[in-house]
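Good morning, and thank you for coming. Please have the sequence and the model open in front of you while I speak.

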Amino acid sequence: MSTAAYRTVFGSLDDHRMGSIEIIQGEARHYAFSNIFDVASRSAPYEKVVVGLNLGYVIETLRAEGASPWYTAAHDEFAISVDGEVRVDFLKLDEPLVEGEGTRLAGEQPKGRPMGYVLLKRGHQALLPAGCAYRFESAQPSVLLQQTIKGPLSVEKWADICLK
């Protein structure tokens, strides 16, 4: 038994490094590896960059900075704050989106009833329910991970974000 101590280091938008991956079996070209903080640091605010893909489901990283547009989806989504504080405002839409996959723009000022808001801090997660519109707002640059289905706003740039 080894008595070596391991220390977990959690990155942030201001303090991260790319890291590495150790291949146990196979070839490096069969793996994708990137750093969500590095991706967010090089992304436009609220650009939904895919960092994980499993069939049609995706994990996207977003640089939260200022106010986002209003979004909606025909299915539930989830958002996790991994750096900083992000406010999520919700509207119960008068005419919810019922078809299509992935996040969609909901319009400049969607029609619906305010449902309140959630303040996400590092490690907090929020459900982004189907039939609602939501928008993010952050006073300081922050990082979100969003679980959704690949859609028209999902941006894939594997050649730019993956360890080579």
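**Overall layout**

Reading along the sequence, we meet the pattern α-β-β-β-β-β-β-β-β-β-β-α. That amounts to two helices and 10 strands. I should say at once that this is a predicted model.

Let me give some totals for the chain. Of its 164 residues, 39% are buried. The accessible surface comes to about 10000 Å², and carbon and sulfur atoms account for 51% of that surface. If we take the contacts between residues at least 6 apart in sequence, 77% of them join residues at least 24 apart.

**Strand β1 and its partners**

I turn now to strand β1, which covers residues 48-54. Is β1 largely enclosed or largely open? Five of its seven residues are buried, so β1 is largely enclosed by the rest of the structure.

Which strands pair with β1? One partner is β2, in the antiparallel sense, over five bridges. Another is strand β10, residues 154-155, in the parallel sense, over two bridges. V49 lets us see both pairings from a single residue. Towards β2, V49 stands opposite T61; towards β10, V49 stands opposite V155.

β1 and β2 form a hairpin, with two residues between the strands. L55 belongs to the loop that joins them. The phi of L55 is positive, near 55°, although L55 is a residue other than glycine. Is L55 buried or exposed? Its relative accessibility is 77%, and because a residue over 50% counts as exposed, L55 is exposed.

Just after the turn we reach Y57, in strand β2, which spans residues 57-67. Y57 is also exposed, with a relative accessible area of 51%. Leaving aside residues up to four places away in sequence, Y57 touches G52, T148 and I149. Y57 and E101 are 44 residues apart in sequence, while their C-alpha atoms are 9.8 Å apart in space.

**Aromatic residues**

Let us now consider the loop between α1, residues 36-41, and β1, where Y46 lies. Y46 has a positive phi of about 65°, although it is not a glycine. Its relative accessible area is 7%; a value under 20% means buried, and therefore Y46 is buried.

Y46 also takes part in a cluster, in which ring pairs link Y46, Y71, Y134 and F136. How many aromatic pairs does a search of the whole structure find? It finds four. One of them is formed by Y71 and F136, which are 6.3 Å apart from centre to centre, with 50° between the planes, a tilted arrangement. This pair links distant parts of the chain: Y71 is in strand β3, residues 70-72, and F136 is in strand β9, residues 132-149, so that 65 residues separate them. Both Y71 and F136 are buried. For those new to such descriptions, a pair of aromatic rings is described by the distance of the centres and the angle of the planes.

A further aromatic residue, Y117, has R87 lying over the face of its ring, at 3.6 Å from the ring centre.

**Summary**

To close, I would ask you to find three places in the model. The first is V49 in its position opposite T61 and opposite V155. The second is L55, in the turn of the hairpin of β1 and β2. The third is the cluster of Y46, Y71, Y134 and F136. Thank you for your attention.

Technical notes: Residues numbered from 1 in each chain as written. Predicted model: local features only at pLDDT ≥ 70, side-chain atom pairs only at ≥ 80, totals over all residues. Heavy atoms only, no water. Helix = DSSP H or I, 4+ residues; strand = E, 2+ residues; numbered from the N terminus. Buried < 20%, exposed > 50% of the residue type's maximum accessible area, 1.4 Å probe, protein only. Contact = heavy atoms within 4.5 Å. Areas by Shrake-Rupley, 256 points an atom, 1.4 Å probe, with all protein chains shown as cover. Phe/Tyr/Trp six-rings, centres within 6.5 Å; stacked < 30°, edge-to-face > 60°. Lys NZ or Arg CZ within 6 Å of the ring centre and 35° of its normal. Pairing = 2+ DSSP bridges.
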